Structures are given as C-alpha cells and as structure tokens.
Amino acid sequence: MKKSQSITSKLPAAGALILIGVLWLAVSEWELVPSFLLPSPVEVCRALVKDGPVLLENAGITLLEAAMGLGLGIAAALVLATAMHRFRLLYRALYPVLVITQTIPTIALAPLLVLWMGFGMSPKVTLVALTTFFPIAVSLLEGYASTDRAAADLLRSMGASRRQIFLHLEFPSALSHFFSGLRVSASYAVVGAVISEWLGGFQGLGVYMTRVKKAYAFDKMFAVIIVIVAVSLLLMALVTALRRRACPWEAFEKIERND
Amino acid sequence: MRDAAKTVLQAEGITKSYGGRTIIQNISLTLGEGELVCLLGVSGAGKTTLFNVLSGLERPDGGRVLLKGQDITSAPGKISYMLQKDLLLPHKKVADNVALPLVIQGQDRRRARETALSYFGAFGLEETQDKYPAQLSGGMRQRAALLRTFLGSQGVALLDEPFSALDALTKREIHQWYMGMMDRLELATLFITHDIDEAVLLSDRVCILSGQPGQITAELTIQPPRPRNMSFALSEEFLACKRQILSLLDG
C-alpha cells in the first residue's frame, strides 16, 4: 500500500516533466527559436549518444571529485559539529565564523584554490568539501540541539554518562537532520566540482563544458547539462538509500516527511 | 515475602526552590519494601519536582534521600524513574529500549536484551521485540516503558503519571494487569497521579500533597490491604476511601 501511494504521489511530477519535454519539442520543431540557439530534444539525444563514452568518462571524474569532496565535508562536519555541541565555548566562537565563511562565493574561491593547488584534482575536491561542509555541520548542530530534553533526563536518571547520552540519544536523534543536510550537500557537491573544473583542469564535465562552449555546440551543451543532472540525482538517490539503511525507524513514524 | 515495615526509600525534609520561589518544603516520606504509595495532589503542588529530587536529577536545597540507609542525594542511577511521557527512544527497537538501563549499567547488549526478553511475556509484549516504538499501541508503549523502569530498578521505582495519557478503557485494562503484576514484582513504587480512583485502586497508602509550597498534608492507608482485584473498585470500602480523600482534598 505504501509503495502504490508513493507511485501515485510521483505522477504529477512525471507529468510536469513530460509536459516540459513536449513544449521544448514543439518550440524547436516549429522553429519559434532559431535551431542553432535552442537545439531540439532529438538533436540533444543524438549528441548524448554520439558523445556518450566521452561524457561517461568525464562524468566518472566529476563524480569521483564530488564524492571525495563530500566525504571530506562529512568527516569535517561530523568532527567540528560534535566538538561544537560538546563545548559551548567552541560553539560561540565558531558559529559566527562559519556563517561568515558561507557568504564567500564559490566562484571567488575556486580560482584561488587553483592558484594554490594547481590544475589537478585537489582544488576540486577541496572546493567541494568546503561547500558541502556547511549544510551538514549546521543540520547536525540543529539535530543535536533538538534532542528531547526529557529523554536526556531519563537517561541521566539511569546513571548514564555524557558519552552514553551522546551514543544512545543525541547522535541517533541527529541522524535524520544529518541526512537532510547531506541531501542538500550532495547536489552542491556536483555543482561545486563542475565550477572548479571550469576554472582549470584536464578532465571532467566542467572541462568538457568549456570545450563545447567554445565550439558553439549547443546540442552538446544541453547533453552535458543532462548528464550533470543525472549525476546529481544519482548522488542524491545514494544518500536516500543510505538514509533508509541508517534510519530504518523513520519508515514507521507517523509524521510525513517531505524530503 | 514483602515486608512493608522494612523501609527501602526514605526522604527527609526535602526542600527545593527555583528562582526564589519555594516549590516543595520539608517533605518527608518513607517507602517500605514492595509497597505502593500514591502521591495525589493538584497540578503545581511540586510532585514532579519531588521526583526529580528523589531520582537524583536535581539537588535539593535542603534534606536528603536515603536508599536502604545509604545517602543517594543528587546521585542519579540508583532509583528507576519513569517520566511523564513514555519516552521510548524512537530509533531503538522495543527490546533495545527495554534493555537500555542494563546497557547503561555496563552490561553488554546481547545479554541485556536476553534479560529483557525473558519478561516480555509477563508484560504482554510478545512479538514486539523487533518492532519500533512507533509501531506499538499506547497501552503497549506504556507496558514497555514500565518493563524498562522495572528492569533498571534496584527495588525502587518512581512513576510520574504513568497511565494518564491512556484512554479510559485502555487504562482500565492496564490497571487490571498492573494490579496482578505488582503483587508478583517486589518493587517499591512511588506513584504520581491526578486520578483519585486510580490512587485508591492501586496503592497501599495515599499521600496528599498540597499548598504553595507543596507539603504532605495528609496520609491515608487503603483498606483492605493488597492483593486486591478489580471488584474492589465497586466496593463500599473503595467508596469510603474515596470519600475520605475528597474531604481531605477539600480541606
């Protein structure tokens, strides 16, 4: 029953996507926009197939950078958020700093990283780690803070130490928040990797993008956008699958979750 | 056999204030082995504050708490405390929730689960061990929380309105079960309730907490002594006790 419900709930979104596709096809077929500016979906599909192997190879590189950066971002967020939760002073000292660093545009940071670290993978991974770190850290901090105080009292009345309260209560309570943050970060990760590839590199979807842009190959531009979307969705699906495994109890909770 | 004359828990002159306002003043009470004592009183009389002090969660401004003669004032972990909500942790399966106090005391998870499971039948929790709390009914959740409280206890438990969230029929059912259970478990219990019928039905003694700051203003032994059954709820003796409590509450 749950399954069929989730299928019917996805129908409107599928309908909207199909409608957009049909509109696009109509616009390009009737040449409402010149075809060299807006390629038809058919041409894009053709480019997708023709450049398939190249796209796939570059997508692999970008995905690797995104995944490595995301992994680093998660690790850093776990350590820092947990330390900030444990030590109030650290929280007061670092929280404003974290917020301020978030106002630095990725676009401004990427060339600096390239200058410092060269054209290899490291500036890409670093940029992804920096952009994904914040949403995860903030959602973890929120998760820790949202722990049921009465449940903490219950554990204290059992004689639990701070460490036991963290392990049995605070960390599991924060998991749902953590995964919400991770989902946002997963989509940032791919975008971050692509942006840093634009600014210098040898391979990856961003590099491919700059190349086809210079050739005014609009069909390939659209093809690479579709691949980026697919890679982002893949990463987000991975996060969702991970969440199901890590938080099996969520399936039984009555509160509807939209994410 | 239980021996209510043998004191297990003793509170002496407990006083607690918050921000200059005294919530409870000079409360003394004793709890005998296997005895069930109800604390009855209007909201704001400081019943929960008293429990927070007895459980060791909060330090009293005056007085001390003795468990079998040993001073346990503001030392949590000695007395089992069931707070107002059932507080089953949503992320743990029922068996792990129930076994939690044993795990906190340092037992390994497998053994703690086994100990917990050996009581599942008696507490009407068969087949629930691998479910999550969200999958249980209100009455089941309450029984699971009671089992957890019992497992964590070293003979003494504090229950803060354990059945108040249940509907009338579930409550009746759980009373019936609980009366039978209490006679088998040797658990000295201090029990907060707003429900006069519940207090008379279940307890050996009723203490009335009232005033600002809260004090124990009256104490009443329920007759006949336990074990009793549900037919007691319809008897003359029951009504007599209830009448007496009502007149005490009205001052």
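User: In this predicted model, what makes strand β3 (residues 36–40) of chain B a partner of strand β8 (residues 188–193) of chain B?

Analyst: Five bridges join β3(B) to β8(B), and the two strands run parallel. Two strands pair if there are at least two bridges between them, so five bridges satisfy that requirement. Within this pair, B:Leu39 stands opposite B:Ile192 in β8(B).

User: Why are β6 (80–82) and β10 (215–221) of chain B called edge strands?

Analyst: The strands of chain B follow the order β6-β7-β8-β3-β9-β10 in an open sheet of six strands with mixed pairing. β6(B) and β10(B) each have a single partner strand, so one side of each is left without a neighbour in the sheet. Direction ignored, neighbouring strands of this sheet are turned by 20° against each other on average.

User: How do you know which way helix α7 (residues 236–249) of chain B runs relative to β10 of chain B?

Analyst: The helix packs on the sheet, touching β3, β9 (205–210) and β10 of chain B, and its direction makes about 165° with that of β10(B). Angles over 145 degrees count as roughly antiparallel, and therefore α7(B) is roughly antiparallel to β10(B).

User: Why is α3(A) called oblique to α10(A)?

Analyst: Helix α3 (residues 52–86) and helix α10 (residues 218–246) of chain A pack at an angle of about 40°, with their axes 11 Å apart. Roughly parallel would require an angle under 35 degrees, and roughly perpendicular would require 65 to 115, so α3(A) is oblique to α10(A). The crossing in which α3(A) passes α10(A) is right-handed.

User: What makes up the contact of α3(A) with α10(A), by residue and by class?

Analyst: From α3(A) come A:Leu55, A:Ala59, A:Thr62, A:Leu63 and A:Ala66, which meet A:Ala223, A:Val224, A:Val227, A:Val231 and A:Leu235 in α10(A). By class, these residues divide into nine nonpolar, one polar and no charged. Thr falls outside the nonpolar and charged groups, so A:Thr62 is the polar residue.

User: How many residues bring chain A and chain B into contact, and which helix of chain A gives the most?

Analyst: In chain A, 18 residues are in contact with 20 residues of chain B. Both α7 (149–157) and α8 (162–198) of chain A supply at least two residues of the side that touches chain B, and α7(A) gives the most, with seven residues. That side of chain A has ten nonpolar, four polar and four charged residues.

Definitions and conventions
Residues are numbered from 1 along each chain as its sequence is written. Chains are lettered from A and ligands numbered from 1 in the order in which they are written. This is a predicted model: local features need pLDDT of at least 70, side-chain atom pairs count only at pLDDT 80 or more; totals for chains, interfaces and linings use all residues. Two residues are in contact if their C-beta atoms, placed from the backbone, lie within 7 Å. Helices (H or I, at least four residues) and strands (E, at least two) are DSSP runs, numbered from the N terminus. Axes are lines fitted to C-alpha atoms, for helices over the stretch in contact, and angles run from 0 to 180 degrees between N-to-C directions. A crossing is left-handed if the near helix is turned anticlockwise from the far one by less than a right angle, and right-handed if clockwise.
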